[in-house]
Amino acid sequence: MCLIYSIFAALFPTPYLMGAPKLKNPPILSLAPLAPSWDEIPTWADAVTQTLLQALRERDPYTYGHSLRVAHHSSLLAKAAGLNEFEQRIIAASSMFHDLGKLGIPDSVLLKPARLNAREEALMREHPTKSAEILAPLSQIPFFRSTLPGIRHHHERMDGEGYPDRIAGENIPLTARIILIADTFDAMTTNRPYRKALATEIAYKELKQFSGRQFDTHLVKIFLSAHPTWESIEESISDDFVAARFRRAA
Ligand SMILES: [Fe+2]
């Protein structure tokens with residue numbers, strides 16, 4: 001285990017970071033009782049989130065839009081997987097923050113209109129750690145602290161070949177496993193300067209092909225059966241999208 005991870009784990013010793021407890025029948029689709037309560041969402045959470053996202057929008061409009069789309073899909077996946085409304089909000093917030101660390105990636109890498117070389121890829125791979133570092137000052141607030149595991153670990157793979165900590169299987173926080181699916185699906189189905197968007201059906205096939213190795217097999221199954229029923233992103237990402245992620249449904 002690397003030093004930085006050890007320090008991080010010591011500072012935030014939640015079971016998210018330490019990995020799921022080894023139970024006989026682990027409740028893998030529940031975040032309770034780890035999640036804070038609605039009362040612990042500060043009234044200013046929405047404004048801080050919008051400010052952080054606005055900074056990202058100024059720097060890289062694609063990543064801003066991507067973060068909102070990932071929040072939309074990941075919270076719907078969380079819902080389809082049986083997580084409660086508050087847990088869906090934690091997933092949505094984690095998704096909105098997951099790529100904030102790209103603010104710390106040089107323009108020559110972040111905005112490069114071509115595939116990255118090995119050195120650039122290594123720099124880009126620092127972004128989940130940087131995202132968690134940006135959020136760290138807010139970690140004294142339970143709601144924000146609960147977003148850190150999903151942020152830091154959203155590029156881990158089930159086979160342990162991901163980053164930054166190369167953790168595997170159910171040791172990867174559930175929030176991160178959910179975000180990875182929504183993140184990859186959005187990356188595959190949107191146009192990039194170096195690659196055209198894949199058709200939805202092809203993206204489904206990719207998720208299926210890499211389930212078990214990269215993605216959580218159970219969550220991929222849920223995504224594939226639920227995704228065709230979800231309303232389109234254009235209809236759901238309104239001006240009120242961020243604020244609504246912090247409001248309790250009536
Ligand atoms: Fe990312």
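Here are some notes on the predicted model above, going from the overall make-up to single residues.

1. **Overall make-up.** This is a predicted model, so keep that in mind throughout. The protein has 15 helices and zero strands. Of its 250 residues, 36% are buried. If you take the contacts between residues at least 6 apart in sequence, 67% of them join residues at least 24 apart.

2. **Helix α4 on its own.** Start with α4, which runs over residues 61-80 and has 20 residues. From first C-alpha to last it reaches 29 Å, close to the 28 Å expected at 1.5 Å a residue. Is α4 enclosed or open? It is largely enclosed by the rest of the structure, because 14 of its 20 residues are buried. After α4 comes Gly82, with a positive phi near 95°.

3. **α3 against α4.** Helix α3 covers residues 45-59. Its axis sits 5 Å from that of α4, and the two pack at an angle of about 140°. An angle of 140° falls outside the ranges for parallel, antiparallel and perpendicular, so α3 and α4 are oblique to each other. On the α3 side, the contact is made by Leu53, Leu56 and Arg57. On the α4 side, Pro61, Thr63, Tyr64 and Ser67 take part. Sorted by class, that gives four nonpolar, two polar and one charged residues.

4. **α4 against α13.** Have a look next at α13, residues 217-226. The axes of α4 and α13 come within 10 Å and cross at roughly 105°. These two helices are therefore roughly perpendicular to each other. From α4, the residues involved are Leu76, Leu77 and Ala80. They meet Leu219, Ile222, Phe223 and Ala226 of α13. The class count for this contact is seven nonpolar, no polar and no charged residues.

5. **Ala78, a residue to click on.** Ala78 is part of helix α4. Is Ala78 buried or exposed? It counts as buried, with 29 C-beta neighbours inside 10 Å, where the cut-off is 20 or more. Setting aside neighbours within four places in sequence, Ala78 is in contact with Leu83, Glu87, Gln88, Ile91 and Ile178. Its C-alpha is also 9.5 Å from that of Leu174, although the two residues are 96 apart along the chain.

6. **Helix α5.** Two of the Ala78 contacts, Glu87 and Gln88, are also among the buried residues of α5. This helix runs over residues 85-97. Its 13 residues should span 18 Å at 1.5 Å a residue, and the end C-alpha atoms are 19 Å apart, which agrees. α5 is mostly covered, with eleven of the 13 residues buried. The buried set includes charged-looking names you might want to check by eye, Glu87 and Arg89, along with Ile90, Ile91, Met96 and Phe97. What does the covering of these buried residues include? Among the helices there are α3, α4, α8 (127-135), α10 (148-152), α11 and α15 (241-244).

7. **α11 against α12.** Helix α11 takes in residues 174-188, and α12 takes in residues 200-209. They pack at an angle of about 140°, with axes 10 Å apart. That makes α11 oblique to α12. The crossing of the pair is right-handed. The α11 residues Ile181, Phe185 and Met188 meet Ala203, Glu206 and Leu207 in α12. By class, this contact has five nonpolar, no polar and one charged residues.

8. **The loop between α10 and α11.** Two backbone details here deserve a look. Pro164 lies in this loop, and a cis peptide bond joins Tyr163 to Pro164, with omega about 10°. Arg166 is found in the loop between α10 and α11 as well. Its phi is positive, about 55°, although Arg166 is not a glycine. With 14 C-beta neighbours inside 10 Å, Arg166 counts as partly exposed.

Notes
Residues are numbered from 1 along each chain as its sequence is written. This is a predicted model: local features need pLDDT of at least 70, side-chain atom pairs count only at pLDDT 80 or more; totals for chains, interfaces and linings use all residues. Axes are lines fitted to C-alpha atoms, for helices over the stretch in contact, and angles run from 0 to 180 degrees between N-to-C directions. Helices (H or I, at least four residues) and strands (E, at least two) are DSSP runs, numbered from the N terminus. Angles under 35 degrees count as roughly parallel, over 145 as roughly antiparallel, 65 to 115 as roughly perpendicular and the rest as oblique. A crossing is left-handed if the near helix is turned anticlockwise from the far one by less than a right angle, and right-handed if clockwise. Two residues are in contact if their C-beta atoms, placed from the backbone, lie within 7 Å. Ala, Val, Leu, Ile, Met, Phe, Trp, Tyr, Cys and Pro count as nonpolar, Asp, Glu, Lys and Arg as charged, and the others, Gly among them, as polar. The expected span of a helix is 1.5 Å times one less than its number of residues. A residue is buried if 20 or more other C-beta atoms lie within 10 Å of its own, exposed if 12 or fewer, and partly exposed in between; C-beta atoms are placed from the backbone.
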